[in-house]
Structures are given as structure tokens and as C-alpha cells.
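Visitor: I'd like to learn how to read a model like this one, starting with the strands. Can you walk me through it?

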Amino acid sequence: MKKRWLFGALLALLMLTCLILTACADTPDPVPEEEMIELTLEELAQFDGKDGRHAYIAVDGAIYDVTDSTRWNNGQHNGYSAGNDLTEEIKNSSPHGVSKLKTVPMIGRLKD
Ligand code: HEM
């Protein structure tokens, strides 16, 4: 009886560890504040992910790097292009909303 209880507890612990590891694997390490960049909308446009250029997108004033995302090949994602402020689009037209932003690194902010 006692053994069965112990086995159950160990199994629960294992499942919890797996859950935590899966959640962490999805979240990139935060970029240190001093390494954050600042770009205007015009400067952001250069980072379109084409011809080997980095692919950056902006949402709510924050800039995200989607260069290494398999979902953003050549800066393209379901008809949307990197190098743009996609705040309205991600909130109103995407099936996932802003939740997916936590899976890509936030690297800076838009400046006016
Ligand atoms: C019709 C529009 C859209 C569709 C159908 C769509 C669909 C998807 C799907 C299926 C994924 C992968 C989900 C997963 O792995 O769990 C994804 C990821 C993502 N989407 Fe969208 N999306 C759309 C628009 C947008 C827009 C406008 C943005 C703008 C910022 C965006 C940003 C992202 C990001 C950052 C990821 C995560 C990429 C990664 O983890 O590598 N999506 N999207």
C-alpha cells in the first residue's frame, strides 16, 4: 500500500518536471537591457528577413527577432512580412494572438 503511494508520488513528480521543462524550452533567454536596440519604423523596415537579412517584427512598441523561426522563412509568415509593426495584425487577424511572442526573443523597442 505504502509502495503504491510512493510510486504515484514519483510519477507525479516526473510529470511535473516534464511540464516545466517543456514550458522552459519554448521561452528564449531574455536579452539583457544594455543589449536592447532601438529602431524607428523606417529602420525596422530594413530587417525584412530577405537575402540573408535579419527578420524583426514590432508589436506594442517591442521588437522581436524572428530570424531563426521556422515559421518566418525569409521573413514571411502566413502572408505577413517582417520589417513591420504588426500589432493590429497579430491581435485582430492571427489565430494565436500575442501568446506566440513569448517563443521568440524580444531584442529592443521602437523609438518615435
Ligand atoms: C492569418 C494569420 C496567422 C496565422 C494563420 C498564424 C499561424 C501561426 C501558427 C500555426 C504558428 C505556430 C504555432 C505553434 O507552433 O504552436 C504561429 C507562430 C507564430 N506566429 Fe503566427 N499566424 C498568423 C499571423 C501572425 C502575425 C500577424 C504575427 C505577427 C507578429 C505572428 C507571429 C507569430 C510568432 C512570433 C510565432 C512564433 C514563431 C516561433 O515560435 O518560432 N503570426 N503562427
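Guide: Sure, and keep in mind that this is a predicted model. Let's start with one pair of residues: Val 59 has Ala 62 in S3 as its bridge partner. That bridge belongs to the pairing of strand S2 (residues 56-59) with strand S3 (residues 62-65), which is antiparallel and has 4 bridges.

Visitor: Which residue stands opposite Tyr 56 in S3?

Guide: Asp 65 does. As a general idea, strands of a sheet pair through backbone hydrogen bonds, in either a parallel or an antiparallel way.

Visitor: How many residues lie between the strands in the hairpin of S2 and S3?

Guide: There are 2 residues between them, and Asp 60 takes a positive phi near 50° in this hairpin.

Visitor: Where does S3 go for its other pairing?

Guide: Look at strand S6 (residues 106-110), which is joined to S3 by 3 bridges and runs antiparallel to it. Two pairs to click on: Tyr 64 has Met 106 in S6 as its bridge partner, and Ala 62 is partnered with Arg 109 in S6. Ala 62 is also the bridge partner of Val 59, which makes Ala 62 a handy residue to follow across the strands.

Visitor: Do S1 and S6 run parallel or antiparallel?

Guide: They run parallel, joined by 3 bridges. One of the pairs there is Glu 38 with Arg 109 in S6.

Visitor: What is the order of the strands in the open sheet?

Guide: The order is S1-S6-S3-S2, an open sheet of 4 strands with mixed pairing. Strand S1 (37-39) and S2 are at the edges with a single partner strand each, so each has one side without a neighbour in the sheet. On average, neighbouring strands here are turned by 35° against each other, direction ignored.

Visitor: And what about the side chains in a strand?

Guide: The general idea is that in a regular strand they alternate between the two faces of the sheet.

Visitor: Let's zoom out. How many helices and strands does the chain have?

Guide: It comes to 3 helices and 6 strands. Along the sequence, the pattern reads α-β-α-β-β-β-β-α-β.

Visitor: How do I read the overall shape?

Guide: Set the radius of gyration against a reference: a compact globule of 112 residues would have one near 13 Å, but this chain has 19 Å. The C-alpha atoms fill a box of roughly 70 × 35 × 25 Å along the principal axes. Of the 112 residues, 15% count as buried. You can also look at contacts between residues at least 6 apart in sequence: 67% of these join residues at least 24 apart.

Visitor: Is Asp 85 buried or exposed?

Guide: Neither label fits: Asp 85 is partly exposed, with 17 other C-beta atoms within 10 Å. Being buried would take 20 or more. Asp 85 sits in the loop between strand S5 (80-81) and H3. Leaving out residues up to four places away in sequence, Asp 85 touches Leu 41, Ala 58 and Leu 110. Asp 85 and Leu 110 are 25 residues apart along the chain, and their C-alpha atoms are separated by 9.1 Å.

Visitor: Last one: how many residues surround the ligand?

Guide: There are 19, and the closest are Ser 69, Glu 89, Ser 94, Lys 100 and Thr 103. S2 and helix H3 (87-92) are the elements that give two or more residues to this shell. By character, the shell divides into 9 nonpolar, 7 polar and 3 charged residues.

Methods:
Residues are numbered from 1 along each chain as its sequence is written. This is a predicted model: local features need pLDDT of at least 70, side-chain atom pairs count only at pLDDT 80 or more; totals for chains, interfaces and linings use all residues. Two strands pair if DSSP finds at least two bridges between them. Axes are lines fitted to C-alpha atoms, for helices over the stretch in contact, and angles run from 0 to 180 degrees between N-to-C directions. A residue is near a molecule or strand if its C-beta atom, placed from the backbone, lies within 6 Å of it. Ala, Val, Leu, Ile, Met, Phe, Trp, Tyr, Cys and Pro count as nonpolar, Asp, Glu, Lys and Arg as charged, and the others, Gly among them, as polar. The radius of gyration is taken over C-alpha atoms; the globule rule is 2.2 Å times the number of residues to the power 0.38. A residue is buried if 20 or more other C-beta atoms lie within 10 Å of its own, exposed if 12 or fewer, and partly exposed in between; C-beta atoms are placed from the backbone. Two residues are in contact if their C-beta atoms, placed from the backbone, lie within 7 Å.
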